[in-house]
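Work through the following exercises with the coordinates open, and check each step of the solutions against them.

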Amino acid sequence: MTPSDGYLLNNRQDEAGERFGAFASLFDPVTFRHLEGVGVGPGRRCWEVGAGGTSVVSWLVRQVGPAGQVVATDIDTSRLAAVARPPVEVRVHDVGADEPPGDGFDLVHARLVLVHVPDRERALRSMVSALRPGGMLLIEDADPALQPLICPDEHGPEQRLANRLRQGFRKLLADRGADLSYGRKLPRLLREAGLHDVAADAYFPVTSPACTALESATVRQIRGRLVAAGLATDEDIDRHLANVEAGGMDLATAPMISAWGRKG
């Protein structure tokens, strides 16, 4: 999979930066709480899988300090240039196809990555194999099938249009091999991978400025795909973006399920 190939949301598009900013606002507090819970401290070696933007990598750097290491990988590392200096090592890497970028990691973390990876089973094996005994794996991924609506309170035409476009987005994802019910499977998959002390929780933002920013950027990023696939017209999209800009809708995200476990 190349940056312009199987992944629907290309890191090099202008809207990608807006999406990463919205993700950081929405999910960084949750992610940092979980990372603190699994234990990240000075001198630790961490692998950040599918890093995309810089917010999580920068947080990890502050925790591990100069004696630690953060290996940040992605199929497109164009947005990681700002953090590509020790103790960060940036690598172009496909977690579903390539060998791990090392072993003996104290922590391996991926957020909103594996749902998009065609060979998720291989990716998970790779991440587990890269851990040292006692190392922790934290995977956070969406479950769009668990709550498929962008507007759970579908009380008017604006909300119905928004949900129809979200259905189109989900179809585009599924057609590219995304598993829209992956998040709920994580606890079982971590246990089946041999991890111990597996636990999980979920976070479900229902409305916020970041949800609105994420929806606007996402729809603009996939606009051409929606129209080409006959899932929406340009008029539909213009009307929806105007509705989003007006600020009168409660826009949700898919639940993000976080699951973690320890390698024996």
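A nonpolar core is here a set of buried Ala, Val, Leu, Ile, Met, Phe, Trp, Tyr and Cys residues joined through side-chain atoms within 4.5 Å. The model examined is a predicted one.

**Exercise 1.** Determine which residues of the largest nonpolar core touch the most other members, and which elements supply that core.

*Solution.* Step one is to take the 25 residues of the core and rank them by contacts with other members, which brings out Trp47, Leu114, Met127 and Leu137. Step two assigns the core to elements: strand S1 (45–49), S4, H3, S5 and helix H5 (186–192) each supply at least two residues, and the largest share, 4 residues, comes from H3. Step three is to set apart a second, separate core of 20 residues, which includes Phe32, Val56, Trp59 and Met136.

**Exercise 2.** List what Leu137 contacts beyond its neighbours within four places in sequence.

*Solution.* With those neighbours left aside, the contacts of Leu137 include Val108, Leu124, Met127, Val128 and Leu131, and also Leu190, Leu195, Ala259, Trp260 and Gly261.

**Exercise 3.** Describe how strand S5 (residues 131–142) is covered and how it is paired with S4 and S7.

*Solution.* Begin with burial: 9 of the 12 residues of S5 are buried, so that the strand is mostly covered, where buried means under 20% relative accessible area. Next, strand S4 (residues 105–111) runs parallel to S5 and is joined to it by 6 bridges, with His109 partnered by Leu138 in S5. The chain passes from S4 to S5 through helix H3 (residues 120–129), in a β-α-β crossover that is right-handed. Finally, strand S7 (residues 256–263) is antiparallel to S5 and joined to it by 7 bridges, and Glu140 has Ser258 in S7 as its bridge partner.

Definitions and conventions: Residues numbered from 1 in each chain as written. Predicted model: local features only at pLDDT ≥ 70, side-chain atom pairs only at ≥ 80, totals over all residues. Heavy atoms only, no water. Buried < 20%, exposed > 50% of the residue type's maximum accessible area, 1.4 Å probe, protein only. Pairing = 2+ DSSP bridges. Right-handed = clockwise from strand over helix to strand, strands pointing away. Contact = heavy atoms within 4.5 Å.
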